[in-house]
Amino acid sequence: MWLLDQWAERHICDAQRKGDFDNLPGAGAPIALDDDSHVPPELRSGYRLLKNAGCLPPELEHRKEAVELSDLLKGIHKDDPQYAEISRRLALLELKLRQAGMSVGFLHGEYSEKLVHKINEE
């Protein structure tokens, strides 16, 4: 064990004996750990750093923006001057998502239709 590890362990044990860790918020509750098993090990620390900073990976940023644009399109009429521009931006994002290997079915309601159908079956 390294000297620093021994030092830290000694201080932790001293704090436990003094009761410094008693009655902490969440005591006895399971720790909610992020499941990052799907992320390659060499990218985990970088992704965690970005997540803690409030950033998303580019594919998820594109997905989020695509959902926002899709919602905008549902709220405006096809004759609106902005409709063509928003449609163009959405088509470009769909292309980027497909190139990244992501499904774009969530934009066309395929999943929600299947879910509603499954719920209605039972």
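# Report on a predicted helical model

The structure holds 0 disulfides. The model is predicted. The sections below take up two cysteines, the helices and the residues just after them, the nonpolar core, the largest pocket, and some separations along the chain.

## Cysteines

Cysteine 13 lies in helix H1. Its relative accessibility is 25%, so it counts as partly exposed, the class between the buried limit of 20% and the exposed limit of 50%. Cysteine 55 falls in the partly exposed class as well, because its relative accessible area is 38%.

## Helices H1 and H2 and the residues that follow

Helix H1 covers residues 3-18, which makes 16 residues. At 1.5 Å a residue H1 should span 22 Å, and its end C-alpha atoms are 23 Å apart, so the expected span and the model agree. Just after H1 comes glycine 19, with a positive phi of about 85°.

Helix H2 runs over residues 41-52. For its 12 residues the expected span is 16 Å at 1.5 Å a residue; the end C-alpha atoms of H2 are 17 Å apart, which agrees. Glycine 54, just after H2, takes a positive phi of about 85°.

Which residue has a positive phi of about 60° although it is not a glycine? That residue is asparagine 23. Asparagine 23 sits in the loop between H1 and H2. With a relative accessibility of 77%, over the 50% limit, asparagine 23 counts as exposed.

## The nonpolar core

In soluble globular proteins, nonpolar side chains tend to be buried together. In this model the largest nonpolar core has 11 residues: Ala66, Leu69, Leu73, Tyr83, Ile86, Leu90, Leu93, Leu97, Met102, Val104 and Leu107. Two elements give two or more residues to this core, helix H3 (58-75) and helix H4 (81-99). H4 supplies the largest share, 5 residues.

Leucine 73 is one of the core residues. Apart from neighbours within four places in sequence, leucine 73 is in contact with Tyr83, Ile86, Ser87 and Leu90. Of these partners, Tyr83, Ile86 and Leu90 are themselves listed in the core.

Two further residues, serine 70 and glutamate 94, touch members of the core. Serine 70 is placed in helix H3. Its relative accessibility of 9% is under 20%, and therefore serine 70 counts as buried. Leaving aside neighbours within four places in sequence, serine 70 contacts Leu90 and Leu107, and both of these appear in the core.

Glutamate 94 belongs to helix H4. Is glutamate 94 buried or exposed? At 11% relative accessibility, glutamate 94 counts as buried, because that value is under 20%. When residues up to four places away in sequence are not counted, glutamate 94 touches Val104, Leu107 and His108. Val104 and Leu107 are listed in the core.

## The largest pocket

The largest pocket has a volume of about 330 Å³. Its lining consists of 15 residues, and those nearest its centre are His38, Val39, Tyr47, Lys51 and Pro57. Helix H2 (41-52) and H3 are the elements that give two or more residues to this lining. Which element gives the most to the lining of the largest pocket? H2 does, with 5 residues.

H3 thus enters two descriptions, since it gives two or more residues to the core and two or more to the lining of the largest pocket.

## Separations along the chain

Leucine 43 is found in helix H2. A relative accessible area of 34% makes leucine 43 partly exposed. Arginine 98 is placed in helix H4, and at 49% relative accessibility arginine 98 counts as partly exposed, because the exposed class needs over 50%.

The table gives C-alpha separations for three pairs.

| Pair | Separation in sequence | C-alpha to C-alpha distance |
|---|---|---|
| Arginine 98 and histidine 77 | 21 residues | 27 Å |
| Leucine 43 and histidine 77 | 34 residues | 43 Å |
| Cysteine 13 and glycine 101 | 88 residues | 49 Å |

Histidine 77 is the partner of arginine 98 in one pair and of leucine 43 in another. The pair with cysteine 13 sets a residue of helix H1 at 49 Å from glycine 101, C-alpha to C-alpha.

Conventions: Residues are numbered from 1 along each chain as its sequence is written. This is a predicted model: local features need pLDDT of at least 70, side-chain atom pairs count only at pLDDT 80 or more; totals for chains, interfaces and linings use all residues. Side-chain values use heavy atoms; hydrogens and water are left out. A nonpolar core is a set of buried Ala, Val, Leu, Ile, Met, Phe, Trp, Tyr and Cys residues joined through side-chain atoms within 4.5 Å. Buried means under 20% relative accessible area, exposed over 50%, partly exposed in between (1.4 Å probe, protein chains only). Helices (H or I, at least four residues) and strands (E, at least two) are DSSP runs, numbered from the N terminus. Contact means heavy atoms within 4.5 Å. A disulfide is a pair of cysteine sulfur atoms within 2.5 Å. The expected span of a helix is 1.5 Å times one less than its number of residues. On a 1 Å grid over the protein atoms alone, a cavity is a set of points where a 1.4 Å probe fits but cannot get out, and a pocket is an open set with protein on both sides within 12 Å along at least five of seven lines; lining residues have an atom within 4 Å of a point. Grid points are joined across faces, edges and corners, and a volume is the space filled by probe spheres set on the points.
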